[in-house]
Amino acid sequence: MVQFGKWLRRQIEQSLPEWQDQFLRYKGLKRCVKALSGVCPPLPAEEAEFVAEVDAETEKINSFFLDQEEEFIIRHRELQNNIKRALDRRAAGAVAPAQHEAEVAAIRREIVNFHGVMVLLLNYSSINYIGLAKILKKYDKRTGAMLRLPVMETVLQQPFFKTETVSQLVRECEAMMEAVFPEAPEGQAAAAALAVAEAEQSIFRNTVAALLTMQDVRKGSSTRGSHSLPPLNLPDSDWLRSLELPFPIPTG
């Protein structure tokens, strides 16, 4: 069984380089847990210090997530405007066919990359949620405390866990793919876009890994409870799984 710390490190490596310092410092928090005296109940000062560390990490994750979400909203609006402008210019006969195709090709690449980065942010949310749950479980096991439940109750209300806005942007981005991949059969523009993304090997492979990770994390299990992430159903999962898989999700 792959240790969670190694799995987490692999997930971070598969993210964007500029994001890697924004993930939960799981290794550092694990060192904090190991340094505890281990008395039961835990010493108040030790618990306060640990909670402060968790709070600081949660604040960092929230700040990064909200910054990215704001950028995505702006970028989404810009892409919509670019598509409308390109289509209007074509309808008005203001550009030659070759120039129009070049413009649309550039927009396609932008949309595919944008879609991929948003999927990576959804994966960022899932990974950090899992990391918090894991480290709190270790703390409770070490100290005999019952800290995990109340802390995870607050995590459910944190901005980084509320991914509705980004998820909606992903769906709208897929609708934009339909507009700029008119030659693809109806409903298959997203798959066509992934094929185009193979030219962008890094973002493509990282996005596929993120999709598969989220599917595995959220597919449900016998230990599913009130703090579980919701099930995630992805299209073309058999095709996605024909590609290189990330490390399996540790259950321990």
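I looked up Glu69 first: setting aside neighbours within four places in sequence, I find Glu69 in contact (heavy atoms within 4.5 Å) with Leu121, Lys162, Thr165 and Val166. The model is a predicted one, in which local features need pLDDT of at least 70 and side-chain atom pairs count only at pLDDT 80 or more, while totals for chains, interfaces and linings use all residues. Residues are numbered from 1 along each chain as its sequence is written, and side-chain values use heavy atoms, with hydrogens and water left out.

I placed Glu69 in helix α3, residues 44–91 (helices are DSSP runs of H or I, at least four residues, numbered from the N terminus). Glu69 is buried (under 20% relative accessible area, 1.4 Å probe, protein chains only), yet I note no salt bridge for Glu69 (a side-chain nitrogen of Lys or Arg within 4 Å of a carboxyl oxygen of Asp or Glu); Lys162, the nearest side chain of opposite charge, is 11 Å away.

I then turned to the largest nonpolar core (buried Ala, Val, Leu, Ile, Met, Phe, Trp, Tyr and Cys residues joined through side-chain atoms within 4.5 Å), which has 54 residues, with Trp19 and Ile111 making the most contacts inside it. The elements giving two or more residues to this core are α1 (4–13), α2 (26–34), α3, α4 (97–143), α5 (148–155) and α6 (164–180), and α4 supplies the largest share, 18 residues.

For Trp19, leaving aside neighbours within four places in sequence, I list contacts with Phe64, Gln68, Val117, Leu120, Leu121 and Tyr124.

Last, I checked α4: 33 of its 47 residues are buried, so α4 is largely enclosed by the rest of the structure. Gly144 follows α4 and has a positive phi, near 75°.

How values were computed
Buried < 20%, exposed > 50% of the residue type's maximum accessible area, 1.4 Å probe, protein only. Lys, Arg positive; Asp, Glu negative; His and termini not counted.
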